[in-house]
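Work through the exercises below with the sequence and the model side by side. Try each task before reading its solution.

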Amino acid sequence: MTLVEFCALPRTMAEIENEGFTRHQVYGAVKRGELVNQNPKDAFGRVKRGAGLFTVAAPAAAYDAAPLVDAWR
């Protein structure tokens with residue numbers, strides 16, 4: 001099982017580490033855009049270290065401007 005497959009549901013860092021993945025793998029996947037931290041900051045806007053919920057990043061939907069252009073014509 002890969003890290004991305006494991007994080008299909010939001011997972012805490014502890015759950016990810018218990019599965020055998022390292023923090024470096026998690027943060028590397030975040031940098032590559034494969035995972036997203038759903039809970040990166042506390043109520044005061046401070047960055048929380050290791051306390052987030054990591055899940056798969058949703059792919060960006062392609063923008064289709066054809067209906068807008070057709071309406072404009």
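## Exercise 1: Aromatic rings

Phe21 has a relative accessible area of 14% and is therefore buried. This value, like every other one in these exercises, comes from a predicted model.

**Task.** Find the aromatic pairs of the structure, and describe for each the distance of the centres and the angle of the planes.

**Solution.** Step one is the count: there are two aromatic pairs in the structure. Step two takes up Phe21, whose partner is Phe6; the ring centres are 6.1 Å apart and the planes make an angle of 40°, a tilted arrangement. The two residues are 15 apart and belong to distant parts of the chain, since Phe6 lies in helix H1 whereas Phe21 lies in the loop between H2 and H3. Phe6 is also buried, with a relative accessibility of 8%.

Step three turns to the other pair, formed by Tyr27 and Phe54, with centres 6.2 Å apart and an angle of 75° between the planes, so this pair is edge-to-face. Because Tyr27 belongs to helix H3 and Phe54 to strand E3, the pair ties together parts that lie 27 residues apart in sequence. As for accessibility, Tyr27 is partly exposed at 34%, whereas Phe54 is buried at 1%.

Step four returns to Phe6, because a charged residue can sit over a ring when the CZ atom of Arg is within 6 Å of the ring centre and within 35 degrees of the ring normal. Arg11 lies over the face of Phe6, at 4.2 Å from the ring centre.

## Exercise 2: The sheet

**Task.** In what order do the three strands stand in the sheet, and which strands are at its edges?

**Solution.** The strands form an open sheet in the order E1-E3-E2, with antiparallel pairing. Strand E1, residues 11-12, and strand E2, residues 35-37, each have a single partner strand and stand at the edges, so one side of each has no neighbour in the sheet.

The next step is to look at the bridges on either side of E3. Strand E3 covers residues 53-56 and pairs with E2 over three bridges in the antiparallel sense. On this side, Leu35 has Val56 as its bridge partner in E3, and Asn37 stands opposite Phe54. On the other side, E1 and E3 run antiparallel and are joined by two bridges, with Leu53 of E3 as the bridge partner of Thr12.

A last step links the sheet to helix H3, where Tyr27 is found. Tyr27 and Asn37 are ten residues apart along the chain, and their C-alpha atoms are separated by 9.5 Å.

## Exercise 3: The nonpolar core

**Task.** Which residues make up the largest nonpolar core, and which elements give two or more residues to this core?

**Solution.** The largest nonpolar core has ten residues, namely Leu3, Phe6, Cys7, Met13, Ile16, Phe21, Val26, Ala29, Leu35 and Phe54. The elements that contribute two or more of them are helix H1 (3-6), helix H2 (13-18) and helix H3 (23-32). As a general background, nonpolar side chains in soluble globular proteins tend to be buried together.

To see how one member of the core is surrounded, take Leu35 and leave aside residues up to four places away in sequence: its contacts include Leu3, Cys7, Val26 and Ala29, and also Thr55 and Val56. Thr55 itself is found in strand E3 and is buried, with a relative accessible area of 10%. With the same sequence limit of four places, Thr55 touches Leu35 and Cys7 in its turn, and among its other contacts are Pro10, Glu34 and Gln38.

## Exercise 4: Salt bridges

**Task.** How many salt bridges does a search of the whole structure find, and are the residues of each buried, partly exposed or exposed?

**Solution.** The search finds two salt bridges. In one of them, the side chains of Arg23 and Glu17 meet at 2.8 Å, N to O; Arg23 is partly exposed at 37%, and Glu17 is partly exposed at 33%.

In the other, the side chains of Arg32 and Glu34 meet at 3.2 Å, N to O. To classify this pair, recall that exposed means over 50% relative accessible area. Arg32, with 56%, is therefore exposed, whereas Glu34, with 33%, is partly exposed.

Note on methods: Residues numbered from 1 in each chain as written. Predicted model: local features only at pLDDT ≥ 70, side-chain atom pairs only at ≥ 80, totals over all residues. Heavy atoms only, no water. Pairing = 2+ DSSP bridges. Helix = DSSP H or I, 4+ residues; strand = E, 2+ residues; numbered from the N terminus. Salt bridge = Lys/Arg side-chain N within 4 Å of Asp/Glu carboxyl O. Buried < 20%, exposed > 50% of the residue type's maximum accessible area, 1.4 Å probe, protein only. Core = buried A, V, L, I, M, F, W, Y, C linked by side-chain atoms within 4.5 Å. Contact = heavy atoms within 4.5 Å. Phe/Tyr/Trp six-rings, centres within 6.5 Å; stacked < 30°, edge-to-face > 60°.
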